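Thanks for coming. I have one structure to show today, and I will keep it short.

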There are 2 protein chains.
Amino acid sequence: MGQVGRPREFEIDEALDKALHVFWKHGYEATSINDLLDAMGLQKGSLYKAFGDKHSLFLQALERYLEMGYQQTQACIQLQATPIAGVQRWFESLFGYCDQQNQKRGCFAVNALSELAPHDPEVAELLRLHFDRLELLLAKTIKKAQDKQEIRQDVAAETLSLFINTFVSGMMAQAKGRLDREACQHLVQTLMFLLQSQTPLPSV
Amino acid sequence: MGQVGRPREFEIDEALDKALHVFWKHGYEATSINDLLDAMGLQKGSLYKAFGDKHSLFLQALERYLEMGYQQTQACIQLQATPIAGVQRWFESLFGYCDQQNQKRGCFAVNALSELAPHDPEVAELLRLHFDRLELLLAKTIKKAQDKQEIRQDVAAETLSLFINTFVSGMMAQAKGRLDREACQHLVQTLMFLLQSQTPLPSV
DNA sequence: TGACTAATTGACCGATTGGTCAAAAATAAA
DNA sequence: TTTATTTTTGACCAATCGGTCAATTAGTCA
């Protein structure tokens with residue numbers, strides 16, 4: 001039993017990717033339906049039939065971004081030999097967002113957090129779930145690293161995880177205007193140093 | 001010689017403050033001229049005569065915010081007994097931006113950085129100058145703190161300054177959706193701990 | 001070949017956007 | 001009182017906004 005009716009002439013995920021990149025570059029409010037139609041190569045009716053209204057399309061693009069980002073983070077962390085190498089690899093994967101060549105687009109999740117979260121419960125909830133799971137994954141990895149003495153043990157893993165996520169958010173925000181790739185690399189270097197140094201236990 | 005012509009019926013700075021709070025709450029694109037007129041209590045012609053167009057008004061509001069923010073930071077730092085107490089006091093002044101009661105508006109400078117910096121050279125330049133002077137002030141303070149051994153000396157003051165500013169930006173961004181005042185306080189506590197602990201010099 | 005179903009097309013909608021401008025009003029100076 | 005200068009007012013503008021929908025098209029199935 002094949003599909004009934006006229007077949008869709010585009011791939012949902014491809015169109016979603018194109019929409020994502022427009023929203024990513026210009027933000028939600030500054031993106032018009034016509035901008036989206038141009039980028040996605042669709043007519044108005046097709047867009048509304050396939051994705052609903054502008055807000056719904058944004059949510060779907062955001063969901064896709066978050067899912068891909070989480071999977072990439074998992075891959076970075078789990079494919080490395082040691083926990084700390086995994087974290088380091090994840091940091092490095094972020095430099096692409098800092099690049100000047102990359103149009104200073106920053107992280108789409110942080111952008112959405114800043115522009116929409118305070119007034120948009122659905123966006124806020126998606127981001128809350130995403131950052132929560134990210135911090136959970138990070139905390140687990142840090143705990144392993146602490147067991148291996150790769151990371152300081154005098155601060156709880158959950159605390160370090162939240163700290164790191166907050167710091168990375170700031171780096172992504174600052175990358176939208178002030179920080180180039182090199183500056184971000186230096187910042188991550190500093191972060192790694194602070195995570196690895198440790199106050200010595202008082203020697204009795 | 002008094003002023004010639006019909007006198008203005010409102011205070012420039014008061015109106016600018018009202019505009020600032022509208023832009024702060026909704027962002028640039030989501031704020032309409034009518035929103036501004038309502039909040040400022042002006043008619044269209046008066047606004048355009050006094051402030052130019054929407055973009056120009058935004059720049060003036062941003063400049064005012066940055067100037068007041070910088071002066072407040074200076075006050076926090078310089079009115080305390082020790083450098084580290086000054087930095088601590090500055091951190092505490094940020095918690096107001098994290099408060100749930102405060103409508104999750106975050107930091108207007110970080111908001112503007114995220115929404116506009118990549119496409120708006122004038123906004124980008126204002127923010128660059130602001131963050132640069134902020135980091136300079138912070139670096140000087142940290143250097144003093146290092147001399148007094150209040151802060152770790154194994155990382156350069158300029159490096160710590162950029163690190164702190166980046167971290168604070170992230171905290172402001174995350175405060176727009178996920179972090180309440182308590183979480184921000186805990187994060188600052190962690191930051192202070194990391195700044196004060198220090199890798200021991202290798203004992204020979 | 002029709003019948004049925006779903007996607008495409010683009011004209012069309014009212015509302016809102018940022019912005020302009022001529023007329024009226026309010027002051028100081030002459 | 002008149003003149004010069006500036007601000008206020010609100011009607012007005014073209015352009016764009018997000019969104020709808022009837023007609024057309026392209027498939028599958030009987």
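I will go through the contact between the two protein chains, and then the protein around one DNA strand. Keep in mind that this is a predicted model.

Let me start with chain B and chain A. On each side, 46 residues are in contact with the other chain. The area buried between them is about 3,900 Å², and carbon and sulfur atoms give 68% of that. On the chain B side, the residues that lose the most area to chain A are B:F163, B:R178 and B:L194, together 17% of what that side buries.

There are also polar links here. Between the two chains the count is four salt bridges. One of them joins A:R178 to B:D132, with the closest N and O atoms 2.9 Å apart. Twelve residue pairs are in polar contact across this interface.

Which helix of chain B supplies the largest share of the side that touches chain A? That is α8(B), with eleven residues. By class, that side of chain B has 19 nonpolar, 17 polar and ten charged residues.

Now DNA strand C. There are 26 residues around this strand, and those that come nearest include A:R6, B:Q3 and B:K44. Of the strand atoms within 4 Å of the protein, sugar and phosphate account for 70%.

Three side chains are worth pointing out on the screen. A:S46 has a side-chain N or O atom 3.3 Å from a phosphate oxygen of strand C. For B:Y48, the corresponding distance to a phosphate oxygen is 3.1 Å. B:K44 has a polar side-chain atom 2.3 Å from a base oxygen.

By class, the surface near strand C has seven nonpolar, eleven polar and eight charged residues.

Note on methods
Residues numbered from 1 in each chain as written. Chains lettered and ligands numbered in written order. Predicted model: local features only at pLDDT ≥ 70, side-chain atom pairs only at ≥ 80, totals over all residues. Heavy atoms only, no water. Contact = heavy atoms within 4.5 Å. Buried area = accessible area lost by both parts, 1.4 Å probe. Salt bridge = Lys/Arg side-chain N within 4 Å of Asp/Glu carboxyl O. Polar contact = N/O pair within 3.5 Å; in protein donor to acceptor, adjacent residues only side chain to side chain. Helix = DSSP H or I, 4+ residues; strand = E, 2+ residues; numbered from the N terminus. Nonpolar A, V, L, I, M, F, W, Y, C, P; charged D, E, K, R; others polar. Near = heavy atom within 4 Å.
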